[in-house]
Amino acid sequence: MALVALTERRQVMDASPSRKTPLFIAIAVVLILTWLAAKEVSGVSEVYKTGLVTAGDIQIAYREFGPLEAGKEAPGRAEAHEHLLLIMGYGGLMEMWPPALIQGLARDRRVIVFDNRGMGFSGSSDAPYSIELFAEDALAVLDGLGIEAAHVLGWSMGAFIAQELVLGHPRRVDKLILLTGSCGGEAAIWPDEATWNSLADLSGTLEERIQRMLNNLFPQGWLRQNPDPSAYLPPITAPIIDAHIQRQAQTLRSWPGACDRLSTISKPVLVITGTEDRVIPPENAHILTQALPHARAVEIQGGGHGVMYQEPERLAGLIDGFLAVE
């Protein structure tokens, strides 16, 4: 589950799931196909490329980060362990990943982020949404970039998708990181009704929606000490269509879960949770580690569902250390 994407720069409201992609999105997609940009972040050169890959009847927008030079891959970059695919959660966009987290993870490897179906610059269609379909979209990103296998990190709903990806295509996943996720279905511990209603509520003013999002992502004590969202949430420029968020919300509740299948996963798994996560309660980490043969869990004290915004550098270090172990 995760956050509902919000922005003060642009907000697209759409009551019809079958509406076609707005013209300005199509124009933006054409532009990003040819965009290659380089940024200096804390003295580290991070080069990223943005483009599209085909996933069945739609196209998925992606972005790559890593220590590239002049757009050329360094020696050994084609090796599987050099790739890390990040899968965003409910209502999220690829530009919502914390820059400090991306920077820490992309120092020594290629990091790929993408917009899930119907979000941001990725397309959508009338095909019924499902976690399994989202997993096939993630696989299409790997296929489109010529990546045979990658480490996979899923946040919230992205952790659901990551589980289906490794279950359906085990040879395409090296190591798995489940960040504030659960195994879904009846075995999981879901949020209370008030929290769920808040997550699915797209009514009200932009300010009201932002406040609901912050209350779901962060513990109240942490918010009182960090009242300015711009200090830890990256700016959002991608389009948002409420009808697609509503379709994702329906998909979350309809997923039967994977708990009874997790024993077949032979990959090393790192499960990370925040002790104050009210969206996906931390007890789910114990359920996951009990079901997964090769999993270990890390609890971040005081972390909420948005722990990656609270502790991006620490998370990068934990994940980097896990991936470095042979």
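**Figure 1. Helix H8 and what covers it in the predicted model.** In this predicted model, helix H8 takes in the 13 residues from 242 to 254, which at 1.5 Å a residue should span 18 Å, and the 19 Å between its end C-alpha atoms agrees with that expectation. The buried residues of H8 are Asp242, Ala243, His244, Ile245, Arg247, Gln248, Ala249, Thr251 and Leu252. Which helices help to cover these buried residues? Among the elements that do so are helix H3 (131-144), helix H4 (157-168), helix H5 (193-200) and helix H6 (206-217).

**Figure 2. Helix H11 and its buried face.** Helix H11, which runs from residue 312 to residue 324, also has its length set beside an expected value: its 13 residues reach 18 Å from the first C-alpha to the last, close to the 18 Å expected at 1.5 Å a residue. Its buried residues are Pro312, Leu315, Ala316, Ile319, Phe322 and Leu323. When the helix is seen down its axis, these buried residues fall within an arc of 130°, so they line one face of H11. An α-helix has 3.6 residues a turn, so residues three or four places apart point the same way. On the face of H11 that is turned away from the buried side, the exposed residues are Glu313 and Ala324.

**Figure 3. Strand S4 and its two partners.** Strand S4 covers residues 83-87, and because five of its five residues are buried, the strand is largely enclosed by the rest of the structure. In a regular strand the side chains alternate between the two faces of the sheet. In S4, His83, Leu85 and Ile87 point one way while Leu84 and Leu86 point the other way, and all of them are buried. S4 pairs with strand S5 (residues 110-114) in the parallel sense over four bridges, and within this pairing histidine 83 stands opposite arginine 110 of S5. To pass from S4 to S5 the chain crosses through helix H2 (residues 99-105), and this β-α-β crossover is right-handed. S4 also pairs with S6, again in the parallel sense and over four bridges, and here the bridge partner of isoleucine 87 is glycine 154 in S6.

**Figure 4. Leucine 85 in the largest nonpolar core.** In soluble globular proteins, nonpolar side chains tend to be buried together. The largest nonpolar core of this model has 103 residues, and those with the most contacts inside it are Leu85 and Trp97. Which residues does leucine 85 touch, if those up to four places away in sequence are not counted? Leucine 85 touches Ile112, Phe114, Ala138, Val141, Leu142, His151, Val152, Leu153 and Leu165.

**Figure 5. Strand S8 between S7 and S9.** Strand S8 is made of residues 269-274, and six of its six residues are buried, so this strand is largely enclosed by the rest of the structure. Val269, Val271 and Thr273 point one way from S8, whereas Leu270, Ile272 and Gly274 point the other way, and all are buried. Strand S7 (residues 173-179) runs parallel to S8 and is joined to it by four bridges, with leucine 176 standing opposite valine 269 of S8. Six bridges join S8 to strand S9 (residues 295-300), and these two strands run parallel as well; in this pairing leucine 270 stands opposite arginine 296 of S9. Together, S8, helix H9 (residues 283-291) and S9 make a right-handed β-α-β unit.

**Figure 6. Two loop residues with a positive phi.** Serine 156 has a positive phi of about 60° although it is not a glycine, and its place in the chain is the loop between strand S6 (150-155) and H4. Is serine 156 buried or exposed? Serine 156 is buried, with a relative accessible area of 0%. Threonine 180, in the loop between S7 and H5, is also a residue other than glycine with a positive phi, in this case near 45°. Threonine 180 is buried, and its relative accessible area is 0%.

**Figure 7. The whole chain as the setting for the close-ups.** The chain holds eleven helices and nine strands, and of its 326 residues 59% count as buried. Among the contacts between residues at least 6 apart in sequence, 77% join residues at least 24 apart.

Key
Residues numbered from 1 in each chain as written. Predicted model: local features only at pLDDT ≥ 70, side-chain atom pairs only at ≥ 80, totals over all residues. Heavy atoms only, no water. Expected span 1.5 Å × (residues − 1). Buried < 20%, exposed > 50% of the residue type's maximum accessible area, 1.4 Å probe, protein only. Contact = heavy atoms within 4.5 Å. Pairing = 2+ DSSP bridges. Right-handed = clockwise from strand over helix to strand, strands pointing away. Core = buried A, V, L, I, M, F, W, Y, C linked by side-chain atoms within 4.5 Å. Arc of directions from axis to C-beta.
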